[in-house]
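Here's an informal walk through a two-chain model, for anyone who likes to read sheets and interfaces together. Have a look at the structure first.

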There are 2 protein chains.
Amino acid sequence: MKNPTAAMLVIGDEILSGRTRDANMHYLAGRLTRHGIDLQEVRIVADCHDDIIAAVNELRARNDHLFTCGGIGPTHDDITADAVAAAFGVSIDIREDALQLIAERCQEYGQELNDDRRRMARIPDDAELILNPVSSAPGFSIGNIHVMAGVPKIFSSMLDGLLTRIPGGVPLASATIEIAAPEGEIAAKLGELARRLPDLQVGSYPFRKHKRYGVNVVLRGYDVREVKRAENHLRQVFATKLASDGQG
Amino acid sequence: MKNPTAAMLVIGDEILSGRTRDANMHYLAGRLTRHGIDLQEVRIVADCHDDIIAAVNELRARNDHLFTCGGIGPTHDDITADAVAAAFGVSIDIREDALQLIAERCQEYGQELNDDRRRMARIPDDAELILNPVSSAPGFSIGNIHVMAGVPKIFSSMLDGLLTRIPGGVPLASATIEIAAPEGEIAAKLGELARRLPDLQVGSYPFRKHKRYGVNVVLRGYDVREVKRAENHLRQVFATKLASDGQG
């Protein structure tokens with residue numbers, strides 16, 4: 001049985017201009033790996049209706065899930081919900097249960113339930129709400145798309161709730177072996193090992209620390225025992241070049 | 001005259017698995033904005049030959065430039081140069097001037113010029129080298145694609161050199177106004193202002209700080225004076241809600 005696949009779509013001019021450093025991708029990637037969903041691709045596009053629709057339709061067609069973040073707030077530049085509705089060819093309007101969540105929050109905080117806050121209750125037809133324990137305005141799932149907020153604290157809380165209702169697969173197990181040698185010196189041996197371990201991914205990630213070059217070799221696979229066996233083997237093969245334990 | 005456009009392609013399983021948090025995208029985005037090149041889209045794909053070719057061909061067709069990072073080292077999982085050559089339908093082989101750079105470095109550091117290090121001198125036909133002051137193994141430009149390393153220190157040093165030979169446009173000017181109110185309270189006024197400033201992008205980025213909600217309103221445009229005028233106007237409109245100066 002293969003794990004479900006996923007793509008992510010980040011919507012936001014502020015990431016593309018370099019103003020904001022995205023944090024949600026890294027969070028999603030780690031959570032999906034632990035949940036047994038394979039993240040295949042990430043795209044970042046601007047706050048542009050047509051670009052969002054094109055990316056949504058392409059990515060949802062070739063993955064089991066598509067997770068989006070950004071563009072579902074109350075302001076003029078929040079256009080994700082409308083774009084997703086258009087991508088599915090469904091209507092979008094204020095929905096009672098979403099509005100109720102927002103109204104309760106306004107009452108609690110003594111805020112006015114104005115038109116812009118109502119706008120955050122616009123949900124495409126047939127979508128399922130994704131609850132937002134942080135600020136109440138919900139995201140939604142429609143088909144295989146899960147639409148969430150861009151603020152990292154809200155994104156992560158939405159995702160944590162959402163994943164309880166998405167069946168996962170086998171979490172990818174991994175082991176890291178830090179080698180105190182430049183990549184160019186271990187490449188041949190490593191390539192040979194990789195060919196002999198066709199069920200594992202063998203990644204080679206060079207780094208520089210205290211003016212010395214080293215490599216983190218990362219073994220990844222769905223069978224924990226196989227990963228462990230391969231790790232032990234690599235530690236023998238590179239015994240003379242092992243760094244002190246730790247992730248570097 | 002419009003600014004040149006660009007896309008970025010990040011190649012790396014380690015980003016998609018959540019093992020590594022990408023740093024190059026944020027660096028590139030900021031550098032391009034200051035250089036007057038508009039970053040339109042970013043994609044992250046796995047170390048997969050066909051996926052790299054498909055992304056390269058799609059992104060280079062619709063942008064003036066495509067910047068890639070990752071996958072040009074000496075190990076078995078470094079497949080970017082071959083994929084880019086295949087995308088262009090050109091041959092790839094070890095090139096003398098690239099090999100010379102690597103050989104000099106090996107001599108300087110007392111390292112062996114083995115087959116794997118030679119492999120880093122594989123450059124597609126008709127490409128131009130991108131120098132690498134950090135570890136010597138070069139990247140390359142071919143057509144409108146610029147292929148660089150994934151290690152952040154190497155990526156940034158390659159990019160800084162490369163941008164001296166790529167003509168830029170008008171740097172996007174921006175101003176940030178921090179407003180001490182929830183987004184839902186200023187959305188209407190902000191939307192109205194945005195409609196009256198069609199030549200500016202008006203972005204609204206909510207945040208939470210010390211348990212209070214606030215918004216960074218960011219004005220962006222190519223005319224510095226216009227951005228400044230709009231900033232002054234916004235500071236008047238939201239005078240009672242301005243946070244103390246600073247970027248929040």
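What follows covers the sheet shared by the chains, then the contact between them, and then a second sheet in chain A.

Keep in mind that this is a predicted model.

**The shared sheet**

Let's start with the sheet that crosses from chain to chain. Twelve strands make up this open sheet, with mixed pairing, and the order reads β6(A)-β7(A)-β8(A)-β3(A)-β1(A)-β2(A)-β2(B)-β1(B)-β3(B)-β8(B)-β7(B)-β6(B). Why do β6 of chain A and β6 of chain B each have one side left without a neighbour in the sheet? Both strands, residues 128–130 in their own chains, stand at the edges with a single partner strand each, so one side stays without a neighbour. On average, neighbouring strands here are turned by 20° against each other, direction ignored.

The link between the chains is the pairing of β2(A) with β2(B) (residues 38–45), which is antiparallel and has five bridges. Within that pairing, A:Val45 sits opposite B:Glu41 of β2(B). Over in chain B, β7 (residues 139–142) and β8 (residues 145–148) run antiparallel and are joined by three bridges. There, B:Ile142 has B:Ile145 of β8(B) as its bridge partner.

Helices pack on this sheet too. In chain A, helix α3 (residues 49–61) touches β1, β2, β3 and β8 of chain A, and its direction makes about 170° with that of β1(A). In chain B, helix α7 (residues 152–163) touches β1, β3, β6, β7 and β8 of chain B, at about 145° to the direction of β8(B).

**Where the chains meet**

How many residues does the contact take from chain A and from chain B? It takes 60 residues from chain A and 60 residues from chain B. Between the two chains, about 4,800 Å² is buried, and carbon and sulfur atoms give 53% of that area. A:Arg19, A:Arg21 and A:His76 together supply 14% of what chain A buries against chain B, more than any other three residues.

As for polar links, 22 residue pairs are in polar contact across the interface (both residues at pLDDT 80 or more). The count of salt bridges between the chains is two. A:Glu185 forms a salt bridge with B:Arg117, and their closest N and O atoms are 3.6 Å apart.

Several elements of chain A supply at least two residues each to the side that touches chain B, including α1 (13–16), α2 (24–35) and α6 (115–119). The largest share of that side, eight residues, comes from α8(A). By type, the residues on this side of chain A divide into 23 nonpolar, 20 polar and 17 charged.

**The three-strand sheet of chain A**

Chain A also has an open sheet of three strands in the order β9-β11-β10, with antiparallel pairing. Here β9 (173–179) and β10 (201–209) stand at the edges with a single partner strand each, so each has one side without a neighbour in the sheet. Neighbouring strands are turned by 20° against each other on average, direction ignored. Seven bridges hold the antiparallel pairing of β9(A) with β11(A) (residues 212–221), and A:Ala175 stands opposite A:Leu219 in β11(A).

Two helices lie across strands of this sheet:

| Helix | Strands it lies across | Angle |
|---|---|---|
| α8(A), residues 183–196 | β9, β10 and β11 of chain A | about 170° to β10(A) |
| α9(A), residues 224–237 | β9 and β11 of chain A | about 10° to β9(A) |

Helix α8(A) thus turns up twice: it lies across β9, β10 and β11 of chain A, and it gives eight residues to the side of chain A that touches chain B.

Definitions and conventions
Residues numbered from 1 in each chain as written. Chains lettered and ligands numbered in written order. Predicted model: local features only at pLDDT ≥ 70, side-chain atom pairs only at ≥ 80, totals over all residues. Heavy atoms only, no water. Pairing = 2+ DSSP bridges. Helix = DSSP H or I, 4+ residues; strand = E, 2+ residues; numbered from the N terminus. Axes fitted to C-alpha atoms, helices over the stretch in contact; angles between N-to-C directions. Contact = heavy atoms within 4.5 Å. Buried area = accessible area lost by both parts, 1.4 Å probe. Salt bridge = Lys/Arg side-chain N within 4 Å of Asp/Glu carboxyl O. Polar contact = N/O pair within 3.5 Å; in protein donor to acceptor, adjacent residues only side chain to side chain. Nonpolar A, V, L, I, M, F, W, Y, C, P; charged D, E, K, R; others polar.
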